[in-house]
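The following exercises concern internal space and aromatic contacts. Each task is followed by a solution in steps.

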Amino acid sequence: MQIIVQNSEIFIILACVFGFFMAWGVGANDVANAMGTSVGSKAITIKQAIIIAVIFEFLGAWLAGGEVTATIRGGMLDPVLLADNPQLLVYGMLSALLAAAIWLMIASARGWPVSTTHSIVGAIVGFGAVGLGMEAVAWAKVGQIASSWLISPLLAGTIGFVLFKSVHHLIFENKDPFAAAKRYVPGYIFLVGFIVAMVTLTKGLKHIGLDLSFGQSLLLSILIGIIIMALGVVMERRIKYVQNASDHFGYANVERVFGVLMIFTACAMAFAHGSNDVANAVGPLAAVISVVRSEGVIDSAALVPWWVLVLGGGGIVVGLVTFGHKVIATVGTGITELTPSRGFAATLAAATTVVLASGTGLPISTTHTLVGAVLGVGLARGMAALNLRVIGTIVMSWLITLPAGAGLAILFFFMFKGMFG
């Protein structure tokens with residue numbers, strides 16, 4: 001208690017710096033995932049992707065990211081064991097933020113799309129097991145998270161495969177693909193609006209007073225889907241058929257119609273991602289601020305101050321602008337060659353998986369989901385369409401994430417304990 005009172009300002013400053021660094025890592029790595037399919041399919045340029053992400057990620061983080069963050073993140077640690085030594089929670093959360101941020105920086109520099117959720121969870125498990133004892137960690141929860149490594153890419157990959165096959169059958173195999181695209185794409189636009197509205201409403205808006213039931217979320221999402229579909233139809237009508245000697249079947253014109261769709265998916269994914277994943281950076285930061293301000297009282301849920309969300313949103317934006325292009329390249333072009341129609345199938349499959357996971361309470365990673373969806377779309381064109389070397393590297397980086405976060409957090413935990421304890 002005495003340690004917290006004496007060093008309260010230092011702890012809050014360190015928490016803000018490390019929280020910003022962690023948010024920077026989320027921006028550099030995770031946001032690039034959300035934008036990768038849009039840039040890789042050439043539906044939007046990297047400059048447009050950054051502008052879309054800056055606006056919608058920040059709005060998502062600020063408007064929809066402030067849920068009451070569980071101080072001991074996701075029930076990973078037993079708060080009873082920390083009641084007598086609240087300073088251990090402060091050291092632990094600081095070390096978790098710093099460890100996860102450093103791992104994300106290393107992964108982003110190498111262009112590896114890793115999970116920010118797993119980075120921070122690994123770090124918290126690491127300091128909990130060593131600093132508090134093995135019994136302090138909810139190992140069943142850790143096992144559940146590990147199982148999601150397999151479940152989320154498989155589910156998203158399957159949905160991506162089916163979606164792309166449906167696009168191929170309904171549009172590309174039609175006698176007049178361009179007319180078929182104009183006929184069926186509004187339905188896909190509705191799906192995008194509906195699915196991403198469901199992602200946001202079921203996962204992200206409780207803390208701003210919009211605590212909707214599943215039925216209410218469903219009705220509102222259908223309405224949002226219809227509005228977005230109407231907007232898409234207006235934009236679609238402006239696309240005129242362009243004759244091209246080298247394009248006998250008019251597929252390039254079909255891809256231009258899907259290009260309109262990818263603008264919607266890019267904006268929607270950025271908003272949904274900002275609202276969901278800012279918690280990885282601000283959750284531990286809110287925990288430190290809560291313990292310091294209450295002079296050592298550990299509350300199981302700490303309200304996130306508005307300025308912390310702005311700090312998190314700002315960090316995400318800076319991360320994307322400075323380092324995001326490397327992971328965008330891996331997701332957008334490294335795994336398989338993407339066109340707007342393939343990119344659309346992958347993004348919608350990822351968003352659908354997030355909705356299904358929210359409904360069933362499965363802890364999944366946006367990263368694993370999106371990579372799985374891109375793999376599914378690639379597989380729809382045969383194994384030869386996939387770059388197996390890149391896929392092997394990605395899977396390796398996933399396996400390293402939890403132990404890397406845990407190892408670094410243990411190191412920093414003892415460093416902080418030595419400095420202040």
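**Exercise 1. Internal space**

How many cavities of 30 Å³ or more does the count come to? For the largest cavity, identify the lining residues and the elements that supply them.

*Solution.* The model is a predicted one.

Step 1. The count comes to one cavity of 30 Å³ or more. The space in the largest cavity is about 30 Å³.

Step 2. Its lining is formed by Asn33, Ala34, Met269, His273, Thr366, Thr367 and Leu370.

Step 3. Two or more residues of this lining come from each of the elements α2 (8–40), α9 (251–293) and α12 (366–379). With three residues, α12 gives the most.

Step 4. By residue class, the lining of the largest cavity holds three nonpolar residues, four polar residues and no charged ones.

**Exercise 2. A ring pair between two helices**

Classify the geometry of the pair Tyr188 and Phe344, and state which helices hold the two residues.

*Solution.*

Step 1. The structure contains 11 aromatic pairs. In one of them, the ring centres of Tyr188 and Phe344 are 5.1 Å apart and the ring planes stand at 65 degrees. Planes over 60 degrees apart count as edge-to-face, so this pair is edge-to-face.

Step 2. Helix α7 (residues 177–203) contains Tyr188, while helix α11 (residues 340–360) contains Phe344; the pair therefore ties together parts that are 156 residues apart in sequence.

Step 3. Burial is assigned when relative accessible area is under 20%. Tyr188, at 6%, is buried, and Phe344, at 0%, is also buried.

**Exercise 3. A pair of sequence neighbours**

Determine the geometry of the pair Phe413 and Phe414. Is Phe413 buried or exposed? How does Phe414 count at its relative accessibility?

*Solution.*

Step 1. The centres of the Phe413 and Phe414 rings lie 5.6 Å apart, with the planes at 70 degrees, so the arrangement is edge-to-face.

Step 2. Phe413 has a relative accessible area of 1% and is buried. Phe414, by contrast, has a relative accessibility of 40% and counts as partly exposed.

**Exercise 4. A ring cluster and a charge**

Which residues do ring pairs link into a cluster with Phe323, and which residue lies over the face of Phe323?

*Solution.*

Step 1. Ring pairs join Phe323 to Phe21 and Trp24 in a cluster.

Step 2. The residue over the face of Phe323 is Lys326, at 5.7 Å from the ring centre. The cut-off for a charge over a ring is within 6 Å of the ring centre.

Notes
Residues are numbered from 1 along each chain as its sequence is written. This is a predicted model: local features need pLDDT of at least 70, side-chain atom pairs count only at pLDDT 80 or more; totals for chains, interfaces and linings use all residues. Side-chain values use heavy atoms; hydrogens and water are left out. Rings of Phe, Tyr and Trp (its six-membered ring) pair if their centres lie within 6.5 Å; planes under 30 degrees apart count as stacked, over 60 as edge-to-face and the rest as tilted. Helices (H or I, at least four residues) and strands (E, at least two) are DSSP runs, numbered from the N terminus. Buried means under 20% relative accessible area, exposed over 50%, partly exposed in between (1.4 Å probe, protein chains only). A charge sits over a ring if NZ of Lys or CZ of Arg is within 6 Å of the ring centre and within 35 degrees of the ring normal. On a 1 Å grid over the protein atoms alone, a cavity is a set of points where a 1.4 Å probe fits but cannot get out, and a pocket is an open set with protein on both sides within 12 Å along at least five of seven lines; lining residues have an atom within 4 Å of a point. Grid points are joined across faces, edges and corners, and a volume is the space filled by probe spheres set on the points. Ala, Val, Leu, Ile, Met, Phe, Trp, Tyr, Cys and Pro count as nonpolar, Asp, Glu, Lys and Arg as charged, and the others, Gly among them, as polar.
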